[in-house]
Amino acid sequence: MNQHPSMEVMCHVNNCKFNEANYCFAPKIEVNAQSGDQASSSTETVCTTFKPQ
Ligand code: SF4
C-alpha cells in the first residue's frame with residue numbers, strides 16, 4: 001500500500017512547466033537544501049523538480 005502523504009502545493013514560480021494557476025501539477029516534487037542536507041531558513045531550500053517551460 002502507498003503510505004506516502006499527498007497535499008496541494010501552491011507555487012508562484014509561473015515559468016515552471018508544472019505550474020498552472022499558481023498550483024503545482026507535478027506528480028511529485030523534490031525539495032532540497034541549497035547545500036548539504038540542512039537549511040536554516042526557507043530561502044535556503046529549492047524545488048529541484050522545477051523545469052522551465
Ligand atoms: S515543480 Fe516546483 S517549481 Fe514547479 S510548480 Fe511544482 S513546486 Fe513549483
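**Strands, loops and a ligand shell**

Ala 33 counts as exposed because it has 12 C-beta neighbours inside 10 Å. On the scale used here, with C-beta atoms placed from the backbone, a residue is exposed if 12 or fewer other C-beta atoms lie within 10 Å of its own, buried if there are 20 or more, and partly exposed in between. The model is a predicted one, in which local features need pLDDT of at least 70 and side-chain atom pairs count only at pLDDT 80 or more, while totals for chains, interfaces and linings use all residues. Residue numbers start from 1 along each chain, following the sequence as written.

Ala 33 sits in strand 3, which covers residues 31-33. Strands here are DSSP runs of E with at least two residues, helices are runs of H or I with at least four, and both are numbered from the N terminus. Setting aside residues up to four places away in sequence, Ala 33 touches Gln 38, Ala 39, Glu 44 and Thr 45; a contact of this kind means that the two C-beta atoms, placed from the backbone, lie within 7 Å. Cys 47 is 14 residues from Ala 33 in sequence, and their C-alpha atoms are 9.0 Å apart.

Thr 45 picks up the story in strand 4, residues 45-47. Thr 45 comes out as partly exposed because it has 13 C-beta neighbours inside 10 Å. Besides Ala 33, its contacts beyond four places in sequence are Val 31 and Ala 39. Pro 5, 40 residues away along the chain, has its C-alpha atom 20 Å from that of Thr 45.

Zooming out, the chain has four strands and zero helices, so to speak a plain β-β-β-β run from the N terminus on. The C-alpha trace spans about 35 × 30 × 15 Å along its principal axes. Just 4% of the 53 residues count as buried. Of the contacts between residues at least 6 apart in sequence, 26% join residues at least 24 apart. UniProt, in an unreviewed entry, places "domain: DUF1540" at residues 9-50; positions follow the numbering used here, feature names are shortened, and such annotations may be inferred rather than shown by experiment. That span is 24% strand and 0% helix, and its end C-alpha atoms lie 13 Å apart.

Cys 24 belongs to strand 2, residues 23-24, and counts as buried because 20 C-beta neighbours fall inside 10 Å. Its contacts, again leaving out residues up to four places away, are Val 9, Cys 11, Phe 18, Asn 19 and Ile 29. Thr 45 is 21 residues further along the chain from Cys 24, with 17 Å between the C-alpha atoms.

Cys 24 also turns up around the ligand, along with Val 9, Cys 11, Val 13, Cys 16, Phe 18, Asn 19, Ala 26, Ile 29, Cys 47, Thr 49 and Phe 50; residues qualify if the C-beta atom, placed from the backbone, lies within 6 Å of the molecule. This shell divides into ten nonpolar, two polar and no charged residues, where Ala, Val, Leu, Ile, Met, Phe, Trp, Tyr, Cys and Pro count as nonpolar, Asp, Glu, Lys and Arg as charged, and the others, Gly among them, as polar.

Two loop residues round things off. Ala 21 lies in the loop between strand 1 (19-20) and strand 2, and has a positive phi of about 55 degrees although it is not a glycine. Asn 22 is in the loop between strand 1 and strand 2, with a positive phi near 70 degrees. Ala 21 is exposed because 7 other C-beta atoms lie within 10 Å, and Asn 22 counts as exposed with 11 C-beta neighbours inside 10 Å.
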